[in-house]
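Trainee: Could you take one part of this model and look at it closely, namely how its secondary structure elements pack against one another, and then lead on from there to the contacts of the side chains?

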Amino acid sequence: MEGVADTDTSRLTQSRPTPQIHAFFDEPTKSVSYLVADPATGEAAVIDAVLGFDPASGRLDTAAADRIVSEARERGLSIIWILETHAHADHLSAAQHIKQSSGASYAVGQGIREVQTVFGPRFGAADLKPDGGDFDRLLDDGDVLPLGELEIEVIATPGHTPACVSYRIVDAVFVGDTMFMPDYGTARCDFPGGDARQLYRSMHRILALPRETRLFTCHDYKAPGRDVFAWETTVGEQVDHNVHIGGGVGEDAYVAMRQARDATLNVPKLLHPAIQVNIRGGRLPPADANGVVYLKIPLTLS
Ligand SMILES: N[C@@H](CCC(=O)N[C@@H](CS)C(=O)NCC(=O)O)C(=O)O
Ligand SMILES: [Fe+2]
């Protein structure tokens with residue numbers, strides 16, 4: 001009898017498997033990339049990999065992505081997913097570089113099609129494959145991707161952009177650009193297809209998760225009075241303290257605040273380079289007749 005009781009107790013108290021998480025902070029773009037692995041099988045996902053880009057020289061730099069791949073190799077992990085939380089407007093994706101060495105599948109939210117519809121014509125991107133064809137998989141809300149013995153649940157969290165998704169792996173959620181650290185607030189909603197009301201509702205889907213759920217942000221811009229970069233928080237901390245939505249801020253008040261703040265923000269420095277590469281799934285545009293690859297900047301007269 002005692003033996004049976006012991007077995008039952010150990011089963012009840014057995015801790016849930018949790019993902020192994022490594023964060024990589026890219027200081028030039030204040031972006032955070034993640035390598036997330038199932039400890040049991042070593043299968044791993046890379047979330048939001050950054051390709052370095054210096055617009056003055058046109059130089060691309062794979063150092064940040066190579067660090068992620070090296071870390072995976074040193075830990076004996078095999079990268080099977082390359083995931084994007086959205087089509088980033090502030091940095092280029094290194095997905096294609098990581099795909100070359102890993103052969104992993106590249107996935108993004110299905111809202112990418114809307115982003116491509118808006119920006120494809122603006123950049124004259126006739127080479128864009130229709131229906132998100134530059135990605136291996138377009139994700140819907142509720143989709144589940146296998147990661148060894150763990151599962152990655154896709155939570156559609158549009159608002160910052162139409163293609164925004166968050167990824168939940170057990171008790172960890174990679175929230176992309178929805179909420180930032182509680183002392184900084186939330187993401188801007190003034191990009192084409194962005195919508196503050198939608199973001200508010202998306203964020204509340206995440207805030208409905210258990211308070212101890214760990215949240216990992218896609219950026220950190222520090223905050224007044226904070227000297228170090230940070231990217232991990234919890235649902236409970238956001239619910240209580242997020243400076244934009246914490247303490248029960250209502251939807252209308254949030255939307256008014258967000259729209260007023262967005263009206264003061266500058267366009268991200270790498271907006272044009274980032275968007276034209278990221279709508280192509282991180283592919284560069286085709287080379288010109290002279291064999292050189294160029295990025296375009298649409299001009300407007302103010
Ligand atoms: N200064 C940065 C701004 C980047 C930016 O606009 N970030 C977006 C996320 S892609 C955001 O939500 N920012 C919120 C804010 O700046 O308050 C740049 O030029 O890259
Ligand atoms: Fe973003």
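Mentor: Two conventions come first: contact means that heavy atoms lie within 4.5 Å of each other, and angles between axes run from 0 to 180 degrees, taken between N-to-C directions. Please also keep in mind that this is a predicted model.

The part to start from is an open sheet of six strands in the order E1-E2-E3-E6-E8-E9, in which the pairing is mixed. Its edges are formed by strand E1 (20–26) and strand E9 (137–139), and because each of these has a single partner strand, one side of each is left without a neighbour in the sheet. From one strand to the next, the twist averages 25°. Within this sheet, strand E2 (residues 31–37) and strand E3 (residues 43–47) run antiparallel and are joined by four bridges; to take one residue, Val36 has Ala45 in E3 as its bridge partner.

Across E1, E2, E3 and strand E6 (78–83) lies helix H2 (residues 63–74), which runs at about 160° to E1. Helix H3 (residues 95–102) also packs on the sheet, where it touches E3, E6 and strand E8 (105–109), and its direction makes about 155° with that of E6.

From the edge strand E9 we can pass to the side chains, since Arg137 falls within the range 137–139. Arg137 forms a salt bridge with Asp143, with the closest N and O atoms 4.0 Å apart; the pair is counted because the cut-off is within 4 Å. Arg137 is partly exposed at a relative accessible area of 32%, whereas Asp143, at 19%, is buried, because the limit for that word is under 20%.

In total, the structure holds 18 salt bridges. Another of them links Asp134 and Lys129, with 3.3 Å from N to O, and here too the acidic partner is buried, Asp134 having a relative accessibility of 9%, while Lys129 is partly exposed at 43%. In the salt bridge between Arg258 and Asp262 the closest N and O atoms are 2.7 Å apart, and these two residues, four apart in helix H7 (residues 251–262), are separated by about one helical turn. Both of its partners are buried, Arg258 with a relative accessible area of 1% and Asp262 with 7%. Asp134 and Lys129 also belong to a wider arrangement, in which salt bridges with shared partners join Asp127, Lys129, Asp134, Arg280 and Arg283 into one network.

The last contacts to consider are those with the iron ion (ligand 2), whose protein donors are His86 (NE2), His160 (NE2) and Asp177 (OD), at 2.0 to 2.3 Å from the ion. Along the chain, these donors follow the spacing H-x73-H-x16-D. His160 and Asp177, which are 17 residues apart, link distant parts of the chain: His160 sits in the loop between strand E11 (150–156) and strand E12 (165–169), and Asp177 in the loop between strand E13 (172–176) and helix H5 (196–207). His160 is buried, with 5% relative accessible area, and Asp177 is likewise buried, with 3%. The angles among the four donor atoms span 88 to 164°, and the site is irregular; it does not count as tetrahedral, because that would need all angles to lie between 85 and 135 degrees.

Conventions
Residues are numbered from 1 along each chain as its sequence is written. Chains are lettered from A and ligands numbered from 1 in the order in which they are written. This is a predicted model: local features need pLDDT of at least 70, side-chain atom pairs count only at pLDDT 80 or more; totals for chains, interfaces and linings use all residues. Side-chain values use heavy atoms; hydrogens and water are left out. Donors are N, O and S atoms within 2.8 Å of the metal (3.2 Å for Na, K and Ca); water is not among the atoms, so sites may look incomplete. Four donors count as tetrahedral if all angles lie between 85 and 135 degrees; four count as square planar and six as octahedral if opposite donors are over 155 degrees apart and all others between 65 and 115; anything else is irregular. Buried means under 20% relative accessible area, exposed over 50%, partly exposed in between (1.4 Å probe, protein chains only). A salt bridge is a side-chain nitrogen of Lys or Arg within 4 Å of a carboxyl oxygen of Asp or Glu. Two strands pair if DSSP finds at least two bridges between them.
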